[in-house]
Amino acid sequence: MITHDFGVVAALADRVAVMYAGRIVEEGQAAAIMSAPLHPYTQALVAASLLRAGTAGTLEAIAGMSGPHATTGCRFLPRCPVAVAKGLSRRCAGEEPRMVRGAGDRWLRCWSDQREAAAPAPQSGAIAGKPSAAAIAAPPLVVVRDVVKTYDVGGLFWHARLIRSLDKVSFSIGAGEAVGLVGESGSGKSTLARMLLRLAPMDGGQVTVAGQDIAHLSAAAARRYH
Ligand code: SF4
């Protein structure tokens with residue numbers, strides 16, 4: 001399930017992955033994320049959802065816009081109130097936090113909460129290698145590993161301007177499990193959906209369904225897949 005609406009996710013998903021600027025920034029059980037979001041972006045999305053509006057009476061807007069981001073540091077920094085409040089701006093600008101595991105099945109990419117930094121790093125840049133509860137019980141049905149998609153948005157003369165819409169996105173889905181992918185427009189959700197449906201090629205990474213690499217299906221298998 002791919003949406004910008006946390007209310008839909010709360011009603012239907014077992015787990016949630018929150019995307020910002022082509023990266024997954026937080027992932028975990030849907031109920032836990034809704035009740036206690038940890039990443040500042042997730043907190044803003046939850047505060048902006050109708051679920052919270054029901055108690056507070058108003059929707060909160062997220063300051064700023066998702067747009068071109070720096071190639072170093074945290075991509076959410078220009079919009080992040082926590083970096084300033086906690087005196088982390090310099091660190092956040094200098095180095096992008098990696099995804100680290102917190103309590104339970106919770107993963108977070110933020111310098112404000114790196115208490116579990118000593119936990120084993122994911123296999124790659126995003127959330128690879130962290131099986132969900134369902135995936136622990138059985139091999140995951142869908143495995144998305146380090147998926148990359150880059151668009152050339154043009155530029156003057158030979159200066160091509162490349163935008164990385166997906167930057168090493170990884171997650172897994174167990175059989176019978178519902179996973180919600182949440183983020184604003186431009187976060188990479190729809191691009192990822194197109195990759196999963198084989199409607200557009202990946203520039204890197206791999207997606208397997210029931211152990212089969214979807215990039216190398218036979219014509220007959222591709223028809224069944226669709
Ligand atoms: S790493 Fe820094 S800028 Fe990024 S979300 Fe966390 S506190 Fe904010």
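This report walks through the sheets, the core, one helix, one loop residue and the ligand surroundings of the structure above.

Please keep in mind that the model is predicted.

**The six-stranded sheet**

A good place to start is an open sheet of six strands, in the order β1-β8-β2-β3-β5-β4 and with mixed pairing. Strands β1 and β4 (100-101) stand at its edges with a single partner strand each, so one side of each has no neighbour in the sheet. As background, strands of a sheet pair through backbone hydrogen bonds, and they can do so in a parallel or an antiparallel way.

Strand β8 is a helpful landmark here. On one flank, β1 (residues 2-3) runs parallel to β8 and is joined to β8 by two bridges. On the other, β2 pairs with β8 in the parallel sense over four bridges. At the far end of the order, β4 and β5 (residues 107-108) run antiparallel, with two bridges between them.

**The four-stranded sheet**

There is also an open sheet of four strands, ordered β7-β6-β9-β10, and its pairing is antiparallel. Its edges are β7 (162-173) and β10 (212-213); each has a single partner strand, so one side of each is left without a neighbour in the sheet. Within this sheet, β6 (residues 142-152) and β9 (residues 204-209) run antiparallel and are joined by five bridges.

If you would like to find these pairings in the 3D view, the table offers some residues to look for.

| Residue | Opposite residue | Strand of the opposite residue |
|---|---|---|
| Thr3 | Val182 | β8 |
| Ala17 | Leu181 | β8 |
| Arg101 | Trp107 | β5 |
| Arg145 | Gln206 | β9 |

**The core and what covers β8**

Now for the interior. The largest nonpolar core has 46 residues, and Val16, Ala17, Val18, Val147 and Val182 touch the most other members. Strand β2 (residues 15-20) supplies the largest share of this core, with five residues. In soluble globular proteins, nonpolar side chains tend to be buried together.

Strand β8 (residues 179-182) is covered on both faces: Val179 and Leu181 are buried on one side, and Gly180 and Val182 are buried on the other. Leaving aside residues up to four places away in sequence, Val182 touches Thr3, His4, Phe6, Val9, Val16, Val18, Met19 and Leu45.

Leu45 leads us to helix α3 (residues 40-47), which is mostly covered, with six of its eight residues buried. Along with Leu45, the buried residues of α3 are Pro40, Tyr41, Thr42, Ala44 and Val46. The helix lies across β2, β3 (23-29) and β8, and runs at about 110 degrees to β2.

**A loop residue**

Pro78 sits in the loop between α4 (50-56) and α5 (81-85). Is Pro78 buried or exposed? The answer falls in between: Pro78 has 16 C-beta neighbours inside 10 Å and therefore counts as partly exposed. Although Pro78 and Ala63 are 15 residues apart in sequence, their C-alpha atoms are 9.3 Å apart in space.

**Around the ligand**

Finally, have a look at the ligand. Which residues are closest to the ligand? They are Cys74, Cys80, Ala83, Cys92 and Cys110, out of 14 residues that surround the ligand. By type, the shell around the ligand holds twelve nonpolar residues, two polar ones and no charged ones.

Definitions and conventions. Residues numbered from 1 in each chain as written. Predicted model: local features only at pLDDT ≥ 70, side-chain atom pairs only at ≥ 80, totals over all residues. Core = buried A, V, L, I, M, F, W, Y, C linked by C-beta atoms within 7 Å. Buried ≥ 20, exposed ≤ 12 C-beta atoms within 10 Å, placed from the backbone. Contact = placed C-beta atoms within 7 Å. Near = placed C-beta within 6 Å. Nonpolar A, V, L, I, M, F, W, Y, C, P; charged D, E, K, R; others polar. Pairing = 2+ DSSP bridges. Axes fitted to C-alpha atoms, helices over the stretch in contact; angles between N-to-C directions.
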